[in-house]
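Student: Please look closely at one part of this predicted model, its side-chain contacts. Take the charged pairs first, then the rings, and say where each partner sits and how far it is covered.

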Amino acid sequence: MAKVGIVLSGGGIRGIAHLGVLKAFINAGIQFSHISGTSAGSIAGAFYAAGIDPEESLNIFIKTKLLRFIRPAIGNSGLINIEHTADLLKSYFPDDKMENLKIPLTIAATNFSDGKLVYFKKGSIIKAIQASCCIPGIFNPIVIDGKMYVDGGVLNNFPVEPLVEDCDFIVGSSCNHLSSVDKVNTFRSLVTRATIMAINKDMEQKAAICNILIEPKGMGNINAFDMAKAETIYWLAYEEALKTIRKSTILSELSL
């Protein structure tokens, strides 16, 4: 049986798209042997690796409104303290050990102290998720073993590299596709678009590593914190993944 890996990009609330993609592959009878993710992709990947069905994960996101568990931080290095998400995450990862997940998981984060990309494959799931989701300037850095960590997307928003040696077939799930525009009307939209363009800068090369890429069109235009769009994002990605599976020879290739 072929070993199939999936890489899940960062993208804020747009990361719910990964749940739709994962569900589509489950319904097509395809299981993943390895998962790699950054930021929002690390959360979606961790839930799946723990054996939680993607549709249940969607309901968890909607029900808990994860962002309301984050309270203002004291200090000047960030506006919000992401560490207050620990109690919520503990409900779903009670033993908090990456080694005990049902599927091997790699989480990308940025060692802000040393300026280096780091891949977490063992240790605390919760700390790794918090580090990978810790957007600089919005969240205080997460401290692990005396080092500061921030969002993995700063250095690698699509961590396909850890899958190359272990997998025969790689599926990519990206939730940051930008549609063409003729103008931008606000400073915020200008900065947001420029930021997404920056994290997408090497997507062409990374997509070439994947056997299949699922990238719902225009997803990057959705605000990264717009929880109201959660179900819309999920079903758009689910349909896009199903369409890709039907068009390709993936089922026959993965049964080899």
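Tutor: A salt bridge here is a side-chain nitrogen of Lys or Arg within 4 Å of a carboxyl oxygen of Asp or Glu. Glu240 and Lys243 meet this rule, with 3.5 Å from N to O. Both residues belong to helix α8, and because they are three residues apart there, about one helical turn separates them. Their cover is not alike: the cut-off for buried is under 20% relative accessible area, so Glu240, at 15%, counts as buried. Lys243 has a relative accessible area of 40% and is partly exposed.

By the same rule the predicted model has a count of six salt bridges. Another of them joins Glu161 to Lys206, whose closest N and O atoms are 2.9 Å apart. This pair links distant parts of the chain, 45 residues apart: Glu161 is in the loop between β8 (147-151) and β9 (169-173), and Lys206 is in helix α7 (residues 203-209). Lys206 also forms a salt bridge with Asp202, where the closest N and O atoms are 3.9 Å apart. Set against the 4 Å limit, that distance still falls within the cut-off. Glu161, Asp202 and Lys206 are thus linked in a network of salt bridges. Within the network, Lys206 is buried, with a relative accessible area of 6%. Its two partners are partly exposed, Glu161 at 36% relative accessibility and Asp202 with a relative accessible area of 24%.

The rings come next. The structure holds eight aromatic pairs. In one of them, Phe47 and Phe93 have ring centres 5.4 Å apart and planes at 90°; planes over 60 degrees apart count as edge-to-face, so this pair is edge-to-face. Phe47 lies in helix α2 (residues 40-49), while Phe93 lies in the loop between α4 (86-92) and β5 (105-111), so the pair ties together parts that are 46 residues apart in sequence. Both partners are buried: Phe47 is at 3% relative accessibility and Phe93 is at 2%.

A second edge-to-face pair is made by Trp235 and Tyr238, at 5.3 Å centre to centre and with 80° between the planes. Like Glu240 and Lys243, Trp235 and Tyr238 are three residues apart in helix α8 (residues 230-247), so about one helical turn separates them. Here too one partner is buried and the other partly exposed: Tyr238 is at 12% relative accessibility, and Trp235 has a relative accessible area of 37%.

Phe47 and Phe93 also belong to a wider group, since ring pairs link Phe47, Phe61, Tyr92 and Phe93 into a cluster.

One item on the surface remains. Val181, Val184, Phe187, Leu190 and Val191 make a nonpolar surface patch of about 450 Å². Of these residues, Leu190 is found in helix α6 (residues 187-199). Leu190 has a relative accessible area of 44% and is partly exposed; residues of a patch need over 30%.

Methods. Residues numbered from 1 in each chain as written. Predicted model: local features only at pLDDT ≥ 70, side-chain atom pairs only at ≥ 80, totals over all residues. Heavy atoms only, no water. Phe/Tyr/Trp six-rings, centres within 6.5 Å; stacked < 30°, edge-to-face > 60°. Helix = DSSP H or I, 4+ residues; strand = E, 2+ residues; numbered from the N terminus. Buried < 20%, exposed > 50% of the residue type's maximum accessible area, 1.4 Å probe, protein only. Patch = residues over 30% accessible without salt bridge, like charges linked within 9 Å, V, L, I, M, F, W, Y side chains within 5 Å. Areas by Shrake-Rupley, 256 points an atom, 1.4 Å probe, with all protein chains shown as cover.
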